[in-house]
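Me: I am a first-year student and would like to work through this structure step by step. Could you take my questions in turn and explain the reasoning behind each reply?

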Amino acid sequence: MGSYSEEPEFKTLTIKPLHPTFGAEVEGVNFQNLSDEQFQEILLAMAKYGVCVFRNTGLDDASHIEFSKRIGDLDTMRRYMADGRKPRYGFYELFDAGNIDDQGGVLDPDAPRAHYGKGNALFHVDSSFNPRRASFSLLRAVEIPPPGNGGNTDFADSRTAWDTLDPALQRELLEKDHVVHHSIAQSRKLGSPEFFKDLDPTNAGRMSRHRLIQVHEPSGRRNIYIAAHSHHVEGIPKPESDALIKKLLDHVTQKHNTVSVEWRQPSDMIIWDNRATLHKANGGAFEGRYRRDLRRTTVHDDSSTAWGLNPVEEDTDKWVVNHAATKSAAMTRVQG
Ligand code: OGA
Ligand code: MN
């Protein structure tokens, strides 16, 4: 750093850091005609910053998906639509993070579907509850609420969180090498306790097992892999497990370890690495009043710990078990 032989680290990108330890706004990307050189620089920027914000990309559904596929294999909505339902926006690769109802209006915050999304308001990583976790998520704005009505997306730096952990606790965690069980039922319940009060995460399909402390392979830095989906730490008493999960989540998500990103215009896109960051949706005055249409592609992790301690099941239809159990419990509750 600062030596006379210094070269700009990025030749085709302009980087504007958003926080002292992670997150950047990246300018100068030509998504309409992306060179290999620029694509590689985007991956480098992702490895370094964990979260990159791209303004006014010009991407639409199809080109968003096409760009995402260049990074890796995509997860799809197929397994949720085994009953023949069609994807809302025509593409199985798009996960709906928005608040649009079936008629195109604003989803009632009390509608059952809204309750399924409330866990998103808690700091989490995408897909830790799946046998194969996600590496990158790419979230793109299609329509956003008028300014001043909330709806930011917040991020937390799980690599710096490791670096700043008390050294005695670091040693203990490395020695114990804990495995955490993740369940979508856990975050749903935390996100909407009354709606999901009859949902029992221990009876909602198999949980996914991932190590708590991991090395983020693209950067070689350790991180704390924890999320609102984290149900328990394997092999220790539940009260101790609850206390450890809470302590680590509190540590990772301390205000000064987070950054809040505002959506400014349609086709803004944020890419984050779920192996280096946590994120959450922010509510606000827009809820029940303005449309917030955000669509996400999700890249399957291809690092050596992608599957954690889970059996490798390439057939993603088998993963649905978890969700089916979650749904029937909640539906019983709605009807009852
Ligand atoms: C997601 C998510 C946050 C948001 O799409 O995975 O958590 O702000 N979205 O909508
Ligand atoms: Mn998410």
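Reply: Before the questions, one term is needed: two strands pair if DSSP finds at least two bridges between them. Please also keep in mind that this is a predicted model.

Me: In what order do the seven strands form the open sheet?
Reply: The sheet is open and its pairing is mixed. Its edge strands, which each pair on one side only, are strand E1 (14-17) and strand E4 (95-96). Reading across the seven strands, the order is E1-E2-E3-E13-E5-E15-E4.

Me: Which residue in E13 is the bridge partner of Phe136?
Reply: E5 and strand E13 (residues 269-273) run antiparallel, and five bridges join them. Within this pairing, the partner that Phe136 has in E13 is Asp273.

Me: Which residues coordinate the manganese ion (ligand 2)?
Reply: A donor here has to be an N, O or S atom within 2.8 Å of the manganese, and because water is not among the atoms, the site may look incomplete. The donor residues follow the spacing H-x1-D-x152-H in the sequence. With distances of 2.1 to 2.2 Å, the manganese ion (ligand 2) is coordinated through NE2, OD and NE2, respectively, by His124, Asp126 and His279.

Me: How many residues apart in sequence are the parts that Asp126 and His279 tie together?
Reply: Both residues coordinate the manganese ion (ligand 2). Asp126 belongs to the loop between helix H3 (112-117) and strand E5 (134-143), whereas His279 belongs to strand E14 (residues 277-281), so the pair links parts whose separation in sequence is 153 residues.

Me: Is Asp126 buried or exposed?
Reply: A residue counts as buried if its relative accessible area is under 20%. The value for Asp126 is 5%, and therefore Asp126 is classed as buried.

Me: How do the residues of the shell around ligand 1 divide into nonpolar, polar and charged?
Reply: The surroundings of ligand 1 include Ala97, Leu139, Thr153, Trp272 and Arg292. E14 and strand E15 (293-300) each contribute at least two residues to this shell. By class, the shell residues are five nonpolar, four polar and three charged.

Me: What share of the area that ligand 1 exposes when taken alone does the protein bury?
Reply: Polar side-chain atoms approach oxygen atoms of ligand 1 from His124 at 3.1 Å, from His279 at 3.0 Å and from Arg296 at 2.7 Å. Taken alone, ligand 1 exposes 290 Å², and the share of this that the protein buries is 99%.

Me: With which side chain does the side chain of Asp75 make a polar contact?
Reply: Asp75 sits in the loop between helix H2 (61-71) and E4. Its relative accessible area is 4%, so Asp75 is buried. At a distance of 2.8 Å, the side chain of Asp75 makes a polar contact with that of Arg79.

Me: Which residue caps the N-terminal end of H6?
Reply: In helix H6 (residues 184-191), the buried residues include Ile184, Ala185 and Gln186. The backbone nitrogen of Ala185 lies 3.0 Å from a side-chain oxygen of the capping residue, which is Ser183.

Me: What distance separates the C-alpha atoms of Pro20 and His256?
Reply: Pro20 is found in the loop between E1 and strand E2 (24-27), and with a relative accessible area of 80% Pro20 is exposed. Although Pro20 and His256 are 236 residues apart along the chain, their C-alpha atoms are separated by 9.5 Å.

Definitions and conventions. Residues are numbered from 1 along each chain as its sequence is written. Chains are lettered from A and ligands numbered from 1 in the order in which they are written. This is a predicted model: local features need pLDDT of at least 70, side-chain atom pairs count only at pLDDT 80 or more; totals for chains, interfaces and linings use all residues. Side-chain values use heavy atoms; hydrogens and water are left out. Donors are N, O and S atoms within 2.8 Å of the metal (3.2 Å for Na, K and Ca); water is not among the atoms, so sites may look incomplete. Helices (H or I, at least four residues) and strands (E, at least two) are DSSP runs, numbered from the N terminus. Buried means under 20% relative accessible area, exposed over 50%, partly exposed in between (1.4 Å probe, protein chains only). A residue is near a molecule or strand if one of its heavy atoms lies within 4 Å of it. A polar contact is a pair of N or O atoms within 3.5 Å; within protein, one must be able to donate a hydrogen and the other to accept it, and residues adjacent in sequence count only if both atoms are side-chain atoms. Accessible areas come from the Shrake-Rupley method with a 1.4 Å probe; for residues, only the protein chains shown count as cover. Ala, Val, Leu, Ile, Met, Phe, Trp, Tyr, Cys and Pro count as nonpolar, Asp, Glu, Lys and Arg as charged, and the others, Gly among them, as polar.
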